[in-house]
Amino acid sequence: MKKLLAACVCAGLSFSFAGCSPETILEQFTSTGDTSVRELTSSSDTTTEIETKDRIYMDELSGTLQDFSGSQLILNTDSASYVFNVSNATLECKGGMITGDEISIIYEGQLSGTDTGSVHVLKVVDEFHKKNKLKKRTAHGQVISLTSNTITIKSKKGKTATYPITGTKQYYQNGIKAGDWVYLTFKGKFPDTSNDSSASLNASHLKVLSISDLKDLEIPDPTPTPDPKLTQTPEQIENKEKQLLATVQGVNLNILRILPAGSDTSFNLDMSAIPAYFKGGIAPGSHVNVTYIGDLETTSLEEIRIIAVTGEDPDTINDKHISFTVTGTIIGSTANTITVQTDDGAIDTFRTENAQDLTAGGMEYGDYVCVTFHPSKSKSSNIYTAIKVQDA
């Protein structure tokens with residue numbers, strides 16, 4: 001009797017697995033296609049009907065980033081060049097979208113040669129098996145122009161390049177003005193211009209890490225504050241250093257436009273011959289301390305002697321109190337970023353998944369916006385962390 005019972009159980013199990021081979025189980029687990037199950041009930045029995053949709057193929061293509069517009073990118077492989085629409089993808093590259101970096105495109109669908117029109121890009125990520133990691137490089141040239149988000153320099157060979165410098169650490173020990181020689185530390189590679197006779201280089205998607213008139217950037221310790229208990233001579237009192245807190249309005253080469261705290265009148269501060277240090281860049285809305293000697297007039301800086309200007313340290317500021325801003329037009333977007341062409345010509349990309357959206361149009365293409373960002377959260381990436389986005 002026991003043998004008969006065991007035989008019945010085995011027979012039942014064999015019927016329950018009938019038509020379900022190892023191959024079909026693997027298909028259901030590996031396919032990203034949707035499988036829906038529908039039950040039809042009648043008075044006599046219950047029938048289960050399985051409707052299987054077409055399988056969606058996923059694949060990955062690795063290569064080198066050639067260009068990025070905000071909504072599409074050009075990827076170079078050893079054998080071909082591809083243009084991908086990434087407007088619905090998430091950008092997950094820790095280093096950002098830097099020219100020359102090795103990245104991977106994860107997509108749904110099947111490529112037909114270099115035609116990418118039939119695929120849907122899901123993610124852009126750092127290439128796991130990188131052959132060549134981006135190294136820090138140095139450029140040396142004469143300053144032609146300087147704004148909040150760009151610097152243009154000319155090399156000894158006569159090549160000019162406009163670099164994006166949003167949020168970039170800058171220190172000018174001897175001041176800054178047109179014609180000064182500076183060193184730029186950056187990551188990335190210039191696009192191939194072997195067939196181009198132009199005297200300018202495309203640096204729009206490099207990541208500039210620092211700028212200085214010193215080759216080896218070392219920030220000196222601040223001047224110690226005299227002990228107020230010590231007796232000071234009249235000369236020492238007259239030459240006592242004081243500080244003025246102000247908000248940056250903008251910069252044009254050596255002229256820094258500032259608005260002193262508690263004032264409604266902005267001033268032009270000449271940085272051509274004074275030490276200037278901006279740890280988080282020279283962004284409008286950020287704050288600076290102006291060190292000076294003399295009696296400050298409320299209508300002019302002419303009666304005082306400016307000693308130095310120092311920007312605030314973004315490493316010590318939380319998101320609620322950050323005030324570094326960029327203003328420009330949205331020229332592209334992905335599932336988690338917007339790309340803005342700034343008023344001074346830079347192309348900056350901002351991560352927006354945790355940003356406060358205060359725009360009326362919901363960050364649409366063509367919107368003119370002001371982005372508050374945190375420089376310390378993108379020290380090595382050219383994708384900045386947005387805190388809030390609002391209509392400008």
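**Close-up views of a predicted model**

**View 1. The cysteine C370 in its surroundings.** C370 has a relative accessibility of 17% and therefore counts as buried, since the cut-off for that class is under 20%. The model shown here and in the views that follow is a predicted one. A second cysteine, C93, is likewise buried, with a relative accessible area of 1%. A search of the whole structure for disulfides finds zero of them.

**View 2. The whole protein chain, as a setting for the close-ups.** The protein chain contains three helices and 27 strands. It has 392 residues, of which 39% count as buried, and it exposes about 22,200 Å², with carbon and sulfur atoms supplying 50% of that area. When contacts between residues at least 6 apart in sequence are considered, 62% of them join residues that are at least 24 apart.

**View 3. The aromatic pair of F84 and Y107.** Across the whole structure, a search finds ten aromatic pairs, and one of them is formed by F84 and Y107, whose rings lie 6.3 Å apart from centre to centre with 35° between their planes, an arrangement that counts as tilted. The pair links distant parts of the chain, for F84 belongs to strand β5, which covers residues 81-85, while Y107 belongs to strand β7, which covers residues 102-108, and the two residues are 23 residues apart. F84 has a relative accessibility of 1% and so counts as buried, and Y107, at 4% relative accessibility, counts as buried too.

**View 4. The aromatic pair of F373 and Y384.** The ring centres of F373 and Y384 are 5.6 Å apart and the ring planes meet at 65°, so this pair is edge-to-face, the class for angles over 60 degrees. F373 lies in strand β26, residues 368-374, and Y384 lies in strand β27, residues 383-391, so the pair ties together parts of the chain that are eleven residues apart in sequence. Both of these residues, F373 and Y384, are buried.

**View 5. The aromatic cluster that includes F373 and Y384.** Seen with their aromatic partners, F373 and Y384 belong to one aromatic cluster together with F324 and F350. Within this cluster, the pair of F373 and Y384 is the one described in the preceding view, with its edge-to-face arrangement and with both residues buried.

Terms used: Residues are numbered from 1 along each chain as its sequence is written. This is a predicted model: local features need pLDDT of at least 70, side-chain atom pairs count only at pLDDT 80 or more; totals for chains, interfaces and linings use all residues. Side-chain values use heavy atoms; hydrogens and water are left out. Rings of Phe, Tyr and Trp (its six-membered ring) pair if their centres lie within 6.5 Å; planes under 30 degrees apart count as stacked, over 60 as edge-to-face and the rest as tilted. Helices (H or I, at least four residues) and strands (E, at least two) are DSSP runs, numbered from the N terminus. Buried means under 20% relative accessible area, exposed over 50%, partly exposed in between (1.4 Å probe, protein chains only). Contact means heavy atoms within 4.5 Å. Accessible areas come from the Shrake-Rupley method with a 1.4 Å probe; for residues, only the protein chains shown count as cover. A disulfide is a pair of cysteine sulfur atoms within 2.5 Å.
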